[in-house]
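Trainee: I have the sequence and the model open side by side, and I would like to learn how to read them together. Could we go through this step by step?

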Amino acid sequence: MDDDLAAGMRAQRLRDLVVGRREFLNLRQEEVADRLDMSARNYGNWERGVVKEWTDDKLFQLAAALEMTEFQTVRLFLIAVDRLPEMRPAGGGGCVEDPSLDAFLFDYAVLMEALSLPTFLIDRCWEVKSANAAYRELFRGLSHHPGAMPSSSFLRFGLFHPDAPAILADYRNWQLSMLAQLATSLERHDQDKNLRRLQRDVHQHPALREAYLNDMQTWVLGAGADLVHHEGTARIIRHPDPLIGLQSCRLVEETPRALQARGLTRITLVLTELDAEGAADLMCLRPAPCGV
């Protein structure tokens, strides 16, 4: 009986992870099934955990179809087969370099889930490697925009997703600060291919190119060159929950050494109440955003 209960709890945790990830990406079961080259019925069985045996290949395919980060993939393995992945898929980097560190990252993701504020981990390109439920809730209901989802890249989301201005309320400030962050990151990592690719995409977008070459340079003189400051410049976010609405948002960095060693940074969006009068005054002062 205890074994049955444990198996049931494991199946429910797996369903919560897989279904939650699919819904976060705004994908239907049929769309994920197409990515896996299987019928929607068979994929439905995967979501319900009705699988004779979870092989590494199946789990890696599922992780790829759901655009899972490395940490989410590790969590998928731990829930489905109670172990870390032994090998990465083709192009994924080979064997796990440090199982103890991956285990730490899994535990850290559990810690993040317990936090009430939106929290996420990024690499030096601001690609999102892990995020908690509050972060996912903040961006729920967005249309799918390949390559610019907040689950994959915070900078690309802010610069290229058409729904970004609906969440990043004082959008012009967010936009210029993200362009400044791109410029700063390129100064530090000028050979990084992902950053170079992002810069190229900005230059191919006429309005963003103009902002990057001209407006951002002036903006940096007053606001600084990083998206995150020790002082924490406050911006405005519009939460999708109407009971929360407009919030003052301060980006706070708090990164333990174990994450720094992996080249990762933890960012928390500290949301506080913004009175309606103050929000109206601030919004009236914002210039019109460049098109996304």
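Trainee: Let us begin inside the protein, then: which residues line the largest cavity?

Mentor: Please keep in mind that this is a predicted model. A search of the whole structure finds one cavity of 30 Å³ or more, and about 40 Å³ of space lies in the largest cavity. Its lining is made up of Arg21, Phe24, Thr69, Gln72, Val128, Ser130, Ala131, Arg136 and Ser151.

Trainee: Which element gives the most residues to that lining?

Mentor: The elements that supply two or more residues to the lining of the largest cavity are helix 1 (2-24) and strand 2. With three residues, the element that gives the most is strand 2.

Trainee: How many helices and strands does the chain have?

Mentor: It helps to look at the whole chain before its parts, and of its 292 residues, 46% count as buried. Among contacts with a separation of 6 or more, 56% are between residues 24 or more positions apart. As for the elements, the count for the chain is 14 helices and five strands.

Trainee: What share of the exposed surface do carbon and sulfur atoms supply?

Mentor: The chain exposes about 14,900 Å², and this is the area to which the share refers. The part supplied by carbon and sulfur atoms is 51%.

Trainee: Turning to strand 1, which of its residues point the other way from Thr119 and Leu121?

Mentor: In a regular strand the side chains alternate between the two faces of the sheet. Strand 1 covers residues 119-122, and Thr119 and Leu121 point one way from it, while all four of its residues are buried. The residues that point the other way are Phe120 and Ile122.

Trainee: Which residue in strand 2 stands opposite Ile122?

Mentor: Strand 1 has a partner in strand 5 (residues 265-273), with which it pairs in the antiparallel sense over four bridges, and there Ile122 stands opposite Thr265. Strand 1 also pairs with strand 2 (residues 128-131), again in the antiparallel sense, over three bridges. In strand 2, the residue opposite Ile122 is Val128.

Trainee: Which residue takes a positive phi in the hairpin of strand 1 and strand 2?

Mentor: This hairpin has five residues between the strands, and that is where we should look. The residue that takes a positive phi, near 65°, is Trp126.

Trainee: Is Phe120 buried or exposed?

Mentor: Phe120 is found in strand 1, and it touches Met112, Val128, Ser130, Ala131, Tyr135, Phe154, Thr265, Arg266, Ile267 and Leu269, not counting residues up to four places away in sequence. The C-alpha atoms of Phe120 and Tyr135 are separated by 7.1 Å, although these two residues are 15 residues apart along the chain. Because its relative accessible area is 0%, Phe120 is buried.

Trainee: Which residue is the bridge partner of Gln247 in strand 5?

Mentor: Gln247 has its place in strand 4 (residues 246-253), which is joined to strand 3 (residues 234-238) by five bridges, the two running antiparallel; on that side Ile237 stands opposite Gln247. Strand 4 also pairs with strand 5 in the antiparallel sense, over seven bridges. In strand 5, the bridge partner of Gln247 is Glu273.

Trainee: Why does Gln247 count as buried?

Mentor: Not counting residues up to four places away in sequence, Gln247 touches Arg235, Ile236, Ile237, Leu271, Thr272, Glu273 and Leu274. A residue is called buried under 20% relative accessible area. Gln247 is buried because its relative accessible area is 9%.

Trainee: How many disulfides does a search of the whole structure find?

Mentor: A disulfide is a covalent bond between the sulfur atoms of two cysteines. Cys125 is buried, with a relative accessible area of 6%, and Cys249 also counts as buried, at 0%. The number of disulfides found in the whole structure is zero.

Trainee: Finally, which residue with a positive phi follows helix 4?

Mentor: Helix 4 covers residues 56-65, and its buried residues are Asp56, Leu59, Phe60, Leu62, Ala63 and Ala65. After this helix comes a residue with a positive phi, near 50°, namely Glu67.

Technical notes:
Residues numbered from 1 in each chain as written. Predicted model: local features only at pLDDT ≥ 70, side-chain atom pairs only at ≥ 80, totals over all residues. Heavy atoms only, no water. Buried < 20%, exposed > 50% of the residue type's maximum accessible area, 1.4 Å probe, protein only. Disulfide = S-S within 2.5 Å. Contact = heavy atoms within 4.5 Å. Areas by Shrake-Rupley, 256 points an atom, 1.4 Å probe, with all protein chains shown as cover. Pairing = 2+ DSSP bridges. 1 Å grid on protein atoms, 1.4 Å probe; cavity = no way out; pocket = protein on both sides within 12 Å on 5 of 7 lines; lining within 4 Å. Points joined across faces, edges and corners; volume = space filled by probe spheres on them.
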